[in-house]
Amino acid sequence: MKKPNSSTITGFICCFGMVLFGIATNGGIKTILSFIHFPSMVVTFGGAIFAVMITSESFADFVDGLKSFGSALSKRNAGIDEVANLIYELSLLARKEGLLALEEKASELQHPFLEKGVRLIVDGTDQELLRDILETDLMHQIEDNRRRITFWENLGSYAPAWGMVGTLLGLINMMKSMGSDPSAIGAGMSLALLTTLYGSLLANWVCIPVAAKLRRSGMVEEMEKELIVEGVLSIQAGESPMIIKEKIRTYRSNWEEAAAA
């Protein structure tokens, strides 16, 4: 279950505010409308998006990449600390009442991957098979995250290039229609440069921050699942809650050291 990430949404709004501030301080509020040009938007945004479509493995992957924008604006309700506490509580319950006692607890879990692992334990799944199932799920998640991050990185790299394409098209059209009126150069140049602005905004306001946010959230989700795999296997093996707690502490310290490196 996810909820809106206030810091991310606020950051997007503030970035947009900085652009409006830059426009307004140089030409007044009225000049903002002059920065809106629909054909330039179509060339820049459409060209960049369709270029990413070319690189996508399938149309479904392309659509999934677009949908991942919503994931960048939200955050998970369950964090690593909460998952660690749940695993420890489950180990206490299993040690006290047995593995079958986990069946009722599984339906209360808000983390689908942890619930899946607990239900596999209750069903008496072989330990090696259990590990294979959970690690395969984890590998699929890593691949999905990689594909979504690549989508936004590609879009961020294509956007400025398509902005330049739009600028070149605008300059060519300006030269053809300029005639003998030199005063048309300034207006035509200004309009042609809008696509460069749009491409830079798309890359630096949306694509690069979204890719970075997905990379960070994906890393956290992968950490959670790694912890769950180890915790579920330890519970099934009948390890004591104190040993499981030490394993959790070791995992957390290793992650913190990797993040600081």
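This report describes the overall fold of a predicted protein model and two residues of its helix 7.

**Overall architecture**

The protein contains nine helices and two strands. Read from the N terminus, its elements follow the order β-α-α-α-β-α-α-α-α-α-α. The chain has 261 residues, of which 34% count as buried. When contacts between residues at least 6 apart in sequence are considered, 77% of them join residues at least 24 apart. The exposed area of the protein is about 14800 Å², and 64% of this area is supplied by carbon and sulfur atoms.

**Two residues of helix 7**

Helix 7 spans residues 127-178 and includes Phe151; Val165 is also found in helix 7. Their relative accessible areas are listed below.

| Residue | Relative accessible area | Class |
|---|---|---|
| Phe151 | 5% | buried |
| Val165 | 33% | partly exposed |

Phe151 is classed as buried because its relative accessible area of 5% falls under the 20% limit. Leaving aside residues up to four places away in sequence, Phe151 touches Val52, Phe62, Gly65 and Leu66. Phe151 and Ser56 are separated by 95 residues in sequence, yet their C-alpha atoms are 7.8 Å apart in space.

Val165 is partly exposed because its value of 33% lies between the 20% and 50% limits. On the surface, Val165 joins Trp162 and Leu169 in a nonpolar patch. Together, these three residues, Trp162, Val165 and Leu169, present about 240 Å² of accessible area.

Conventions. Residues numbered from 1 in each chain as written. Predicted model: local features only at pLDDT ≥ 70, side-chain atom pairs only at ≥ 80, totals over all residues. Heavy atoms only, no water. Helix = DSSP H or I, 4+ residues; strand = E, 2+ residues; numbered from the N terminus. Buried < 20%, exposed > 50% of the residue type's maximum accessible area, 1.4 Å probe, protein only. Contact = heavy atoms within 4.5 Å. Areas by Shrake-Rupley, 256 points an atom, 1.4 Å probe, with all protein chains shown as cover. Patch = residues over 30% accessible without salt bridge, like charges linked within 9 Å, V, L, I, M, F, W, Y side chains within 5 Å. Salt bridge = Lys/Arg side-chain N within 4 Å of Asp/Glu carboxyl O.
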